[in-house]
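Here's a walk through a two-chain model, starting from one loop residue and working outwards. Have the structure open as you read.

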Amino acid sequence: MLGEGIVKGLAETARNFFGSYVEKDRLTTVQFPEERLPQAEAARVFPFLVYDTDDMEAGLRCVACKICEVECPPQCISIEKSTGKKPDFVGKPQFYPAKFEIDVSVCMSCQICVEVCPFEAIKMDTAFELSTDDRFGGLHWAKEQLSKPNEHYQKIHPTEAAEVDAERAEKKAKTAAAEAAKAAAEAAKAAAAKTETTETEGSAKQ
Amino acid sequence: MSAGSVAERIVELTGDADSGQVLEISMGPHHPSTHGVFRMNVELEGEQVVKLKPVFGYLHRNHEKIAENASYLAAIPYTDRLDYMCSMTNNWAYALSVEKLAGIAVPERAEYVRVIVAELTRLQNHASLIGFLMQDMGASGTPLMYAFREREKILDLFESLSGARMMCNYMRFGGVRVDPSAAWLAEVKALVGRFPRFLGEFEALLAENEILMSRTQGVGILSRELAVNAGITGPMLRASGVNYDIRKVDGYGVYERFQFRVPLGEHGDVYDRYMMRVLEMRESVKILEQALKGIPEGPVMDPKARLRGLRPKAGEAYGRIESPKGELGFFLISNGTTEPYRYRVRPPSMINLTVLEDMCLGRSVADIVVTLGSVDIVLGEVDR
């Protein structure tokens, strides 16, 4: 019969319409600005720089190695290396970025900078409501705008941050242990040298 | 535009003083039915199409040249933006060709994960393509919204896995970037379990609809011979009755381990192409069920694979997969440096588009829209 298919189709429409009142599966939309769905933990928007402690300048993890600048597919990162050095989290003197800029209007949120960074210094932020009426300055973020504390990272990507923190703590402990061992060895050496000298002195006296 | 009668203006437009019958119109680039920025120069005699010339390139972004001046790793996020509906399969095709070029092995778990995400991509691509096709026919809203509702559930899974809904940037040569958690796999399992119900409803909604049948049956017929000669691939080729599916032919990845059938059409018209997508989704669900059951534990990245500063030996490789739209291939030539010497994409939607004129000749303007909709093009891939 002509029209049977259309009636069948309309039955499906009715099923979906009435079903949307009782089944969550059939009505998945939310009224966005008022209602918000939680973001996925892996969500990524634009990169940010992580710093430890409360001092942004001193705690910045970035050592200006420029790997991300080279690997960035759309070339949106520009870094200027510092002339002096500052101690990093294990106390080793490292360079730091005198200038670190990301042009977020060029950035394509691909996360490759995060993947290639050997220092866990650059991570992806999840803030997405970033529209601005300033085309140039507003979308060209400097180091001050990019830097966020580690607590922020722990908040937005808890699982990932916990892994990174554990790894860094281990590294720090290792370095500290190595340094302690070194210091102990040096002390032992010095002590041994001292005993030796005393011994020689003693033998000379005899 | 000069004043004067319509007949004079037609002569002016076509330059054909003899007939005065042919009207040349330009459909697109900003036309709601062209799925993006695509233009067709159509010559009409009355309502009949006598000539159709596709014009593309409005979305050209220099993809191949950019990739030739970037490292092998840096090209992956650009491949997401080829066919922006199916970034996962684009990633896979590129990763496959680099793996061939550099001789990188892929762990078994990564192969399974790739199959899972690729089949999910196929589900969402085919569902939304059917929605778009119906939209082109005037079913404004309902089928497209139902399709997008399901698509969004799949994209949510992609986001929780890779961090982005559409620009996933998920696969790497040598595996995949993130190991999916057990919770994620359970979510996929739940979604795959619910999907056949949607497919049944979607089919009941559309398949027997008289308007759909009269608009699509016998429209845009592509003969078997022409389909083969023009290099058409994917659901469009199979709708013309040619049994050719790269998942079966090449058996790339771990596709050889799965039981699934390749649906074939008979008439090669728009209705067959529509039906092909519905049936392929059912087969994809079968593959997903098997892949989710068989996924082994283990690493997802080859520990020897080098992402940064990869320098494959001089040589060439062509990796191809069955993307939702057809054969997607990447041809790479390496000269031993960190950048490919030549990088070439074989885009299925562009090659499938080449027979548009043959399918539309003698039909009306309204049929062009339907025929184009059934080709399944994404202009990001056509123009690159």
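## Starting at a loop residue

Leaving aside residues up to four places away in sequence, Asn335(B) touches Ala314(B) and Tyr341(B). Keep in mind that this is a predicted model. You'll find Asn335(B) in the loop between β7 and β8 (340–346) of chain B. Pro312(B) is 23 residues away along the chain, yet its C-alpha atom and that of Asn335(B) are separated by 7.9 Å.

Is Asn335(B) buried or exposed? Something in between: it has 14 other C-beta atoms within 10 Å, so it counts as partly exposed.

## The hairpin next door

Strand β7(B) covers residues 326–334, and its antiparallel partner is β6(B), residues 315–323. The two strands are joined by 9 bridges, and the hairpin between them runs through 2 residues. Look for Gly315(B) in this pair: it stands opposite Ser334(B) of β7(B).

## A kinked helix in chain B

Now move to α7(B), which takes in residues 182–206. Its 25 residues reach 36 Å from the first C-alpha to the last, close to the 36 Å expected at 1.5 Å a residue. There is still a bend to be found: a kink of about 30° lies at Arg194(B), shortly before the proline Pro196(B).

Which residues of α7(B) are buried? They are Val188(B), Val192(B), Phe195(B), Phe198(B), Phe202(B), Leu205(B) and Leu206(B). For the spacing in a list like that, it helps to recall that an α-helix has 3.6 residues a turn, so residues three or four places apart point the same way.

The cover over the buried residues of α7(B) comes from both chains. It includes α1 (4–22) of chain A, along with α5 (108–137), α6 (142–162), α8 (210–216) and α12 (270–294) of chain B.

## Where the chains meet

That α1(A) turns up again at the contact between the chains. Overall, 25 residues of chain A are in contact with 29 residues of chain B. On the chain A side, the elements giving two or more residues are α1 and α4 (112–116), and α1(A) supplies the largest share, with 8 residues. By class, this side of chain A splits into 11 nonpolar, 8 polar and 6 charged residues.

## Two domains in chain B

Chain B is divided into domain 1 (6–55) and domain 2 (63–383). Their C-alpha centres lie 33 Å apart, and 14 residues of domain 1 are in contact with 18 residues of domain 2.

What does domain 1 of chain B bring to that contact? The elements that give two or more residues are β2 (39–45) and β3 (48–55) of chain B. The largest share, 4 residues, comes from β3(B). This side of domain 1 has 8 nonpolar, 5 polar and 1 charged residues.

## A small stop in chain A

Over in chain A, 3 strands make an open antiparallel sheet in the order β2-β5-β7. β2 (77–81) and β7 (140–141) of chain A are at the edges with a single partner strand each, so one side of each has no neighbour in the sheet.

The pairing of β5(A), residues 97–103, with β7(A) is antiparallel and rests on 2 bridges. Within this part of the sheet, Ile102(A) stands opposite Trp141(A) in β7(A).

Definitions and conventions
Residues are numbered from 1 along each chain as its sequence is written. Chains are lettered from A and ligands numbered from 1 in the order in which they are written. This is a predicted model: local features need pLDDT of at least 70, side-chain atom pairs count only at pLDDT 80 or more; totals for chains, interfaces and linings use all residues. The expected span of a helix is 1.5 Å times one less than its number of residues. The bend at a residue is the angle between axes fitted to the seven residues ending there and the seven starting there. A residue is buried if 20 or more other C-beta atoms lie within 10 Å of its own, exposed if 12 or fewer, and partly exposed in between; C-beta atoms are placed from the backbone. Two residues are in contact if their C-beta atoms, placed from the backbone, lie within 7 Å. Two strands pair if DSSP finds at least two bridges between them. Domain bounds come from an automatic or database domain assignment. Ala, Val, Leu, Ile, Met, Phe, Trp, Tyr, Cys and Pro count as nonpolar, Asp, Glu, Lys and Arg as charged, and the others, Gly among them, as polar.
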